[in-house]
Amino acid sequence: ASTVPKSMEIDLGQEYLIDGVLIVNRLNAYRTRVEDMKVDFKDADGNVVLTTAAIASDKNGYDGYVMDLTKEGDSLNDAGEFDAWKYIPEGDVVEAASFDWRPYRRWCAVDEY
């Protein structure tokens with residue numbers, strides 16, 4: 001087993017209201033690397049304000065993972081993590097410059113993409 005932590009930090013430079021997240025999985029043989037991945041959302045001071053549930057091992061073959069943080073009714077699981085992952089089926093994301101991401105970007109408040 002690898003001892004390399006499965007983490008990445010993206011600093012947006014200032015605090016934003018985040019209402020959704022899209023993660024595209026690797027489209028090659030290394031799909032399992034997303035297994036057990038969680039997303040921590042931090043405030044401007046670096047404090048974790050929300051953690052997602054892990055991407056389950058039986059879901060690591062999907063092309064992508066989408067979470068809408070604005071949906072009412074979604075709640076925290078028993079571990080206190082936000083559990084609302086939706087899965088993009090294998091074959092729905094293609095490696096092509098002309099791939100249309102617009103259906104997955106519905107959370108953008110303005111035409112930012």
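Among contacts in the chain between residues at least 6 apart in sequence, 56% join residues at least 24 apart. The model analysed here is predicted. Its chain has 113 residues, of which 25% count as buried. Secondary structure comes to five strands and zero helices. The pattern along the sequence is therefore β-β-β-β-β. The accessible surface amounts to about 8200 Å². Carbon and sulfur atoms account for 48% of that surface.

The largest nonpolar core was found to contain twelve residues. Its aliphatic and alanine members are Val21, Ile23, Val34, Val39, Ile55, Leu69 and Ala84. Met67 also belongs to this core. The aromatic members are Phe41, Tyr65, Phe82 and Trp85. Two strands, E1 (20–24) and E4 (64–68), each supply at least two residues of the core. In soluble globular proteins, nonpolar side chains tend to be buried together.

Contacts of one core residue, Ile55, were examined further. Neighbours within four places in sequence were left aside. Ile55 is then in contact with Val34, Tyr65 and Trp85, each of which is listed in the core as well. Ile55 also contacts Glu35, Asp36 and Met37.

The structure holds one salt bridge. Its partners are Glu81 and Lys38. The closest N and O atoms of the pair lie 2.4 Å apart. The bridge links distant parts of the chain, with the two positions 43 residues apart in numbering. Glu81 sits in the loop between E4 and strand E5 (86–88). Lys38 sits in the loop between E1 and strand E2 (40–42). The two partners fall into separate burial classes. Glu81 has a relative accessible area of 12%, under the 20% limit, and therefore counts as buried. Lys38 reaches 42%, between the limits of 20% and 50%, so it counts as partly exposed. Side chains of opposite charge can pair when their charged atoms come close.

Nonpolar residues also occur at the surface. Met8, Ile10, Leu12, Tyr16 and Ile18 form a nonpolar patch there. Together these residues have about 570 Å² of accessible area. One of them, Ile18, lies in the segment before E1. Ile18 has a relative accessible area of 33% and is partly exposed. That value is over the 30% required of patch residues, so Ile18 meets this accessibility condition.

Terms used: Residues are numbered from 1 along each chain as its sequence is written. This is a predicted model: local features need pLDDT of at least 70, side-chain atom pairs count only at pLDDT 80 or more; totals for chains, interfaces and linings use all residues. Side-chain values use heavy atoms; hydrogens and water are left out. A nonpolar core is a set of buried Ala, Val, Leu, Ile, Met, Phe, Trp, Tyr and Cys residues joined through side-chain atoms within 4.5 Å. Buried means under 20% relative accessible area, exposed over 50%, partly exposed in between (1.4 Å probe, protein chains only). Helices (H or I, at least four residues) and strands (E, at least two) are DSSP runs, numbered from the N terminus. Contact means heavy atoms within 4.5 Å. A salt bridge is a side-chain nitrogen of Lys or Arg within 4 Å of a carboxyl oxygen of Asp or Glu. Patches are made of residues with over 30% relative accessible area and no salt bridge: like charges are joined within 9 Å, nonpolar side chains (Val, Leu, Ile, Met, Phe, Trp, Tyr) within 5 Å. Accessible areas come from the Shrake-Rupley method with a 1.4 Å probe; for residues, only the protein chains shown count as cover.
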